[in-house]
Each structure stands twice: as structure tokens, then as C-alpha cells.
Amino acid sequence: MLNVAMLSKWHVHAEDYARVLQSHGNVKITAVWDEEPERGREWAARLSADFEADLDTLLRREDVDGVVVDAPTSMHADVMVAAAQAGKHIFTEKAMALTTEECERISAAVREAGVKFCISFPARTRPQELFAKQLIDDGILGDVTLLRIRNGHDGALNNWLPEYWYDEKQAGGGAMMDLGCHPMYLASWYLGKPKRITSMFHYFTHRAVEDNAQCSIEFANNAVALVETSLVTYRTPSALEIYGTEGTLIISDSNVKVISKKFDSPFSGWISPTQLPAAQPLPIVQWVDALLEDKPMPFGLEDGTKLTELLEAAYIAHKENRTVEFK
């Protein structure tokens with residue numbers, strides 16, 4: 001049995017994680033901490049868990065093996081360093097932290113403590129995205145020249161996200177720091193090391209953070225990625241397009257089609273595959289299984305740091321209205 005503490009209900013995915021853990025069968029949520037005690041007490045009561053107002057007190061509990069971090073992104077570094085130093089395994093919502101310097105602090109603490117770390121990258125567990133990675137790795141598309149990823153919804157347009165979602169001091173940013181994480185970590189996974197980035201952020205609903213955003217990223221392999229995300233678009237189909245020297249892949253929601261010079265006749269036109277790679281378990285389930293069954297831990301410190309590197313540079317590019325080059 002894995003005993004888990006929930007560290008804040010700030011993030012909109014926190015309740016989903018709790019439901020997954022409670023349905024696992026080998027997990028018990030024993031405690032809750034929240035930077036807003038009233039919210040934490042109410043949630044702890046619903047989870048039949050103890051509420052601890054003091055984080056250090058919670059982290060000293062012997063009935064806490066691991067923690068799920070859903071605190072404001074601006075608090076991630078302090079919360080995760082404290083958890084690691086207390087010997088607790090860590091699952092965190094993206095982004096890992098607001099700066100690569102903070103990621104390095106977290107990484108050093110995790111490695112020194114010998115605890116296990118996982119960040120939530122759900123797009124890397126889905127059949128369509130796994131299929132795209134397989135095509136790239138197998139060279140079916142040749143050398144990738146252009147990647148385009150779109151992810152959006154109408155949360156800011158129709159006001160169904162919490163208002164604190166637009167507090168830059170807590171969230172660190174808007175659409176790109178939220179939904180934009182998914183296309184960002186996919187771009188890094190598919191294309192490798194980034195070379196330079198530009199950003200164009202907009203404020204359609206006139207909030208303090210951007211609600212409509214686009215980044216252009218050049219990678220060391222000469223591929224270009226167009227990363228698009230929005231909180232002000234109605235029923236936005238997710239899109240993944242990969243263009244290469246020998247093939248093209250187009251994915252819109254669950255619709256997949258591919259064409260390649262490497263396909264033998266009669267498969268010389270567009271093909272819609274009937275079988276994709278099997279979906280992997282959700283990242284939080286993989287985290288639990290890695291702790292209980294010593295299975296491989298997905299989406300670790302390096303993955304989280306690479307995402308923050310892209311996000312940090314994207315916001316610098318926007319705020320300073322310039323192209324940012326990566327070291």
C-alpha cells in the first residue's frame with residue numbers, strides 16, 4: 001500500500017489525481033496540505049484524510065510515502081525541495097517550476113535524497129502522439145522540417161477556469177504556461193535540443209496574463225516547431241502536423257493520416273492507420289506502479305527541466321520582444 005499526501009488543491013487537475021489514486025486499489029490518501037487552509041480542510045474531509053496546516057509537519061508523517069504537488073507553480077520549488085529532503089517521492093503537475101534554476105534546485109534535492117520523481121506529461125501516453133514518435137524514430141518521415149502543434153479551449157472566454165488562474169505571481173503565466181506545456185514537451189520529445197525561440201502572446205480577455213499564444217522554435221536539427229495554444233477558442237480540435245523530407249503526418253483529434261515515400265506500392269497515397277500503439281497508463285498511475293512494483297519511472301527530472309527551459313525562454317522572448325537563443 002502506498003500512502004500519499006495531496007499538496008494543495010490549487011491546480012484544476014488536483015481532484016482528478018485524487019480520484020485516480022482512490023480508485024487504484026493500492027493507494028491511500030492519508031493527508032492534505034493547502035496554502036489556503038479552509039480549502040484544504042474541506043477537501044481533506046471529502047477525501048477522508050487528515051488536514052495538516054503546516055507543510056513541514058505533514059512531511060514528517062510516517063504515513064506519507066509520496067506527495068502529489070498541485071500547489072501554485074510559483075511554490076513548486078520550495079514545496080518539492082522540502083518534500084525531497086523529507087524523503088518523500090514526488091509526483092508533480094506541470095510545469096516543474098518557473099525557471100531552470102529552480103528546476104536545478106529540485107533536481108539536486110531529489111538526487112541527494114534518493115527519492116523518485118515524475119511529472120505529468122499525459123500527451124506522451126496517448127496513441128496518436130506515440131505513433132508520431134514511432135514514425136520519427138523509424139525515419140518514415142525522413143528528416144523533420146516542420147512541426148505544428150495546437151492545443152486550446154474556451155476557459156478564459158467563458159470563465160470556467162478559476163480566476164486565480166490568471167494571477168501571474170501564482171501561475172507564472174497564462175495560456176502558454178498552462179495548456180502550452182503539452183505542445184512544448186511534445187516538441188522537445190520529437191525534435192531534441194532547441195536552438196532559438198520567438199513568441200507572440202495576446203490578451204483577448206484583457207487579463208493580466210496571456211490567453212492566446214504562439215511560439216516558433218528552431219531546433220538544433222534545423223527543424224522548426226510552431227506551438228499554438230489558447231484559452232479563447234471554441235471547440236478547438238487538437239492538431240499535430242509533422243512535415244518531413246520524405247513524409248507527412250496529420251493528426252486532428254483522433255483522425256490520423258500519413259503519407260511517405262518509404263511506403264511500398266500500393267500504399268503510395270495517404271493512409272489512415274487502423275491500429276495505433278496502445279495507450280500507456282496515465283503518468284500518475286505509472287508513478288504509483290514504479291514505486292510499488294519497481295517499474296521504470298517515466299517523465300523525470302530531465303524532462304521537466306527541458307519543459308521549463310522552453311517556457312522560461314518563451315516568456316523572456318515575449319516580454320523583451322526578441323528572439324532568445326538557448327545555450
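## Salt bridges, a helix and a cavity

Helix α10 (residues 301-320) holds both Lys-306 and Glu-302, four residues apart, or about one turn of the helix. Keep in mind that you're working with a predicted model.

**A pair within one helix**

Task: Work out how the side chains of Lys-306 and Glu-302 meet, and how open to solvent each residue is.

Solution: Start with the contact itself: the two side chains form a salt bridge, with 3.4 Å from N to O. Next, place the pair: Lys-306 and Glu-302 both sit in α10. Then sort them by accessibility. Lys-306 comes out at 35%, so it counts as partly exposed. Glu-302 has a relative accessible area of 54%, and as exposed means over 50%, it goes in the exposed class.

Salt bridges elsewhere share partners: one network joins Lys-9, Glu-15, Glu-42 and Arg-46.

**A neighbour of Lys-306**

Task: Find where Ser-188 sits, and which residues beyond its sequence neighbours it contacts.

Solution: Ser-188 belongs to helix α8. With a relative accessible area of 12%, Ser-188 is buried. Set aside everything within four places in sequence, and its contacts are Phe-219, Lys-306 and Leu-310. So here's Lys-306 again, the salt-bridge partner of Glu-302.

**Pairs between elements**

Task: The whole structure has 26 salt bridges. Take Asp-78 with Arg-105, and say which parts of the chain the pair ties together.

Solution: The side chains of Asp-78 and Arg-105 meet in a salt bridge of 3.2 Å, N to O. Asp-78 is in helix α4 (residues 76-85) and Arg-105 in helix α5 (residues 100-113), so the bridge ties together parts 27 residues apart in sequence. For Arg-105, the relative accessible area is 38%, which makes it partly exposed.

Task: Do the same for Lys-94 and Asp-178, then decide whether each is buried or exposed.

Solution: First the distance: the closest N and O atoms of this salt bridge are 3.8 Å apart. Now the location: Lys-94 is in the loop between β5 (89-92) and α5, while Asp-178 is in the loop between α7 (168-171) and α8, so the pair links distant parts of the chain, 84 residues apart. Last, the accessibility, where the cut-off for buried is under 20%. Lys-94 has 3% and is buried. Asp-178, at 10%, is buried as well.

**The cavity**

Task: How many cavities of 30 Å³ or more does the structure hold, and what lines the largest?

Solution: There is one cavity of that size. The largest cavity encloses about 100 Å³ of space. Its lining is made up of Trp-10, His-11, Thr-73, Lys-94, Trp-165, Ala-171, Gly-173, Gly-174, Met-177 and Asp-178. Both partners of the Lys-94 and Asp-178 salt bridge are in that list. By character, the lining splits into four nonpolar, four polar and two charged residues. Lys and Asp count as charged, so the two charged ones are Lys-94 and Asp-178.

**A covered helix**

Task: How many residues of helix α6 (residues 127-137) are buried, and what covers them?

Solution: Eight of the eleven residues are buried, so the helix is mostly covered. The buried ones are Gln-128, Glu-129, Leu-130, Phe-131, Ala-132, Lys-133, Leu-135 and Ile-136. Their cover includes β7 (144-152), α8 (181-191), β11 (239-244), β12 (247-252) and β13 (255-260). Just past the helix, look at Gly-139, which has a positive phi of about 75°.

Task: Pick Asn-151 and describe its surroundings.

Solution: Asn-151 is in strand β7. Its relative accessible area is 19%, so it counts as buried, the cut-off being under 20%. Leaving out residues up to four places away in sequence, Asn-151 touches Leu-179, His-182, Pro-183, Glu-228, Thr-229 and Ser-230. From Asn-151 to Phe-131 it's 20 residues in sequence and 18 Å in space, C-alpha to C-alpha.

**Annotated stretches**

Task: Set out the helix and strand content of the two stretches that UniProt annotates as domains.

Solution: Take residues 15-118, which an unreviewed UniProt entry annotates as "Gfo/Idh/MocA-like oxidoreductase N-terminal". That stretch is 46% helix and 18% strand, with its end C-alpha atoms 18 Å apart. Now go to residues 132-249, annotated in the unreviewed entry as "GFO/IDH/MocA-like oxidoreductase". Here you get 18% helix and 36% strand, and the end C-alpha atoms are 7 Å apart.

Definitions and conventions:
Residues are numbered from 1 along each chain as its sequence is written. This is a predicted model: local features need pLDDT of at least 70, side-chain atom pairs count only at pLDDT 80 or more; totals for chains, interfaces and linings use all residues. Side-chain values use heavy atoms; hydrogens and water are left out. Buried means under 20% relative accessible area, exposed over 50%, partly exposed in between (1.4 Å probe, protein chains only). Helices (H or I, at least four residues) and strands (E, at least two) are DSSP runs, numbered from the N terminus. Contact means heavy atoms within 4.5 Å. UniProt positions are given in the numbering used here, feature names are shortened, and annotations may be inferred rather than shown by experiment. A salt bridge is a side-chain nitrogen of Lys or Arg within 4 Å of a carboxyl oxygen of Asp or Glu. On a 1 Å grid over the protein atoms alone, a cavity is a set of points where a 1.4 Å probe fits but cannot get out, and a pocket is an open set with protein on both sides within 12 Å along at least five of seven lines; lining residues have an atom within 4 Å of a point. Grid points are joined across faces, edges and corners, and a volume is the space filled by probe spheres set on the points.
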